[in-house]
Amino acid sequence: MTFVETIYNELGKTHNISTADFSTDWLKQSKSYYTSLKTRNIDASNGALVNLLNKLDEENELIKNKNKEQLKHVVVKNSALADKVAFEIAQRSIKQNMASDNVKLKVLKKVMYDTVMVQQLVVLF
């Protein structure tokens, strides 16, 4: 079973989504993307996983902002899935040696800078 299949199955425990919806709404790909991956037994691209991670975070924020107590279990599960996806993306970049140590350091600095800037904006508003 591929990584994305595992995530789809886990997501299916808290969400009623079709493979087409998973492809278009969660992975931001064509509606047959996930079924094509599954048939060929290959995994989703890094870009599709980043889209998935963004969708998980977006949904968690919506639930938190609506303050829906009955949906807190979805936030917990989404957060766990988001951690798995983030770890998978990190592992792929290390395995494939996609960037030099210098580039990795620059990316990390940028992510940290952006995170601090967002936190400061949240405090201001």
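Which residues do ring pairs link into a cluster? In this predicted model, the cluster consists of Tyr8, Phe22 and Tyr34, joined through ring pairs. A pair of aromatic rings is described by the distance of the centres and the angle of the planes, and both values are given below for two of the pairs. The count of aromatic pairs comes to three.

Tyrosine 8 and tyrosine 34 make a good starting point. Their ring centres lie 4.7 Å apart and their planes stand at 35 degrees, so this pair is tilted. Along the chain the two partners are distant: tyrosine 8 belongs to helix H1 (residues 3–11) and tyrosine 34 to helix H3, with their positions 26 residues apart in the numbering. Both tyrosine 8 and tyrosine 34 are buried. Tyrosine 34 also pairs with phenylalanine 22, here in an edge-to-face arrangement with 5.3 Å from centre to centre and 90 degrees between the planes. Because phenylalanine 22 lies in helix H2 and tyrosine 34 in helix H3, this pair ties together parts that are twelve residues apart in sequence. Are these two partners buried or exposed? Phenylalanine 22 has a relative accessible area of 0% and is therefore buried. Tyrosine 34, at 1%, is buried too.

The helices that carry these rings can be followed next, beginning with H1 and H2. These two pack at an angle of about 105 degrees, and their axes are 12 Å apart. H1 is therefore roughly perpendicular to H2. On the H1 side the contact is made by Val4, Tyr8 and Leu11, and on the H2 side by Thr19, Phe22 and Trp26. Sorted by class, this contact has five nonpolar residues, one polar residue and no charged ones.

H2 also meets H3. Their axes come within 7 Å and cross at roughly 115 degrees, so H2 and H3 are roughly perpendicular to each other. Thr19, Phe22 and Ser23 of H2 make this contact with Tyr33, Tyr34 and Thr35 of H3. By class, the H2 contact with H3 has three nonpolar and three polar residues, and no charged residues. Threonine 35, placed in helix H3 (residues 33–40), deserves a closer look. With a relative accessibility of 35%, threonine 35 counts as partly exposed. Its C-alpha is 8.0 Å from that of alanine 20, although 15 residues separate threonine 35 and alanine 20 in sequence.

What angle do the axes of helix H2 and helix H4 make where they cross? The axes of H2 (residues 19–26) and H4 (residues 46–66) come within 9 Å and cross at roughly 90 degrees. H2 is therefore roughly perpendicular to H4. From H2, the contact draws on Phe22, Asp25 and Trp26, while H4 supplies Ala48, Asn51, Leu52, Lys55, Leu56 and Glu59. Five nonpolar, one polar and three charged residues make up the H2 contact with H4. Two of the residues in this contact, Trp26 of H2 and Lys55 of H4, are also placed in a particular way: the charged end of lysine 55 sits over the ring of tryptophan 26, at 5.3 Å from the ring centre.

Phenylalanine 22 recurs throughout this picture. Phe22 takes part in the contact of H2 with H1, in that with H3 and in that with H4, and it belongs to the ring cluster with Tyr8 and Tyr34.

Key
Residues numbered from 1 in each chain as written. Predicted model: local features only at pLDDT ≥ 70, side-chain atom pairs only at ≥ 80, totals over all residues. Heavy atoms only, no water. Axes fitted to C-alpha atoms, helices over the stretch in contact; angles between N-to-C directions. Helix = DSSP H or I, 4+ residues; strand = E, 2+ residues; numbered from the N terminus. Parallel < 35°, antiparallel > 145°, perpendicular 65-115°, else oblique. Contact = heavy atoms within 4.5 Å. Nonpolar A, V, L, I, M, F, W, Y, C, P; charged D, E, K, R; others polar. Buried < 20%, exposed > 50% of the residue type's maximum accessible area, 1.4 Å probe, protein only. Phe/Tyr/Trp six-rings, centres within 6.5 Å; stacked < 30°, edge-to-face > 60°. Lys NZ or Arg CZ within 6 Å of the ring centre and 35° of its normal.
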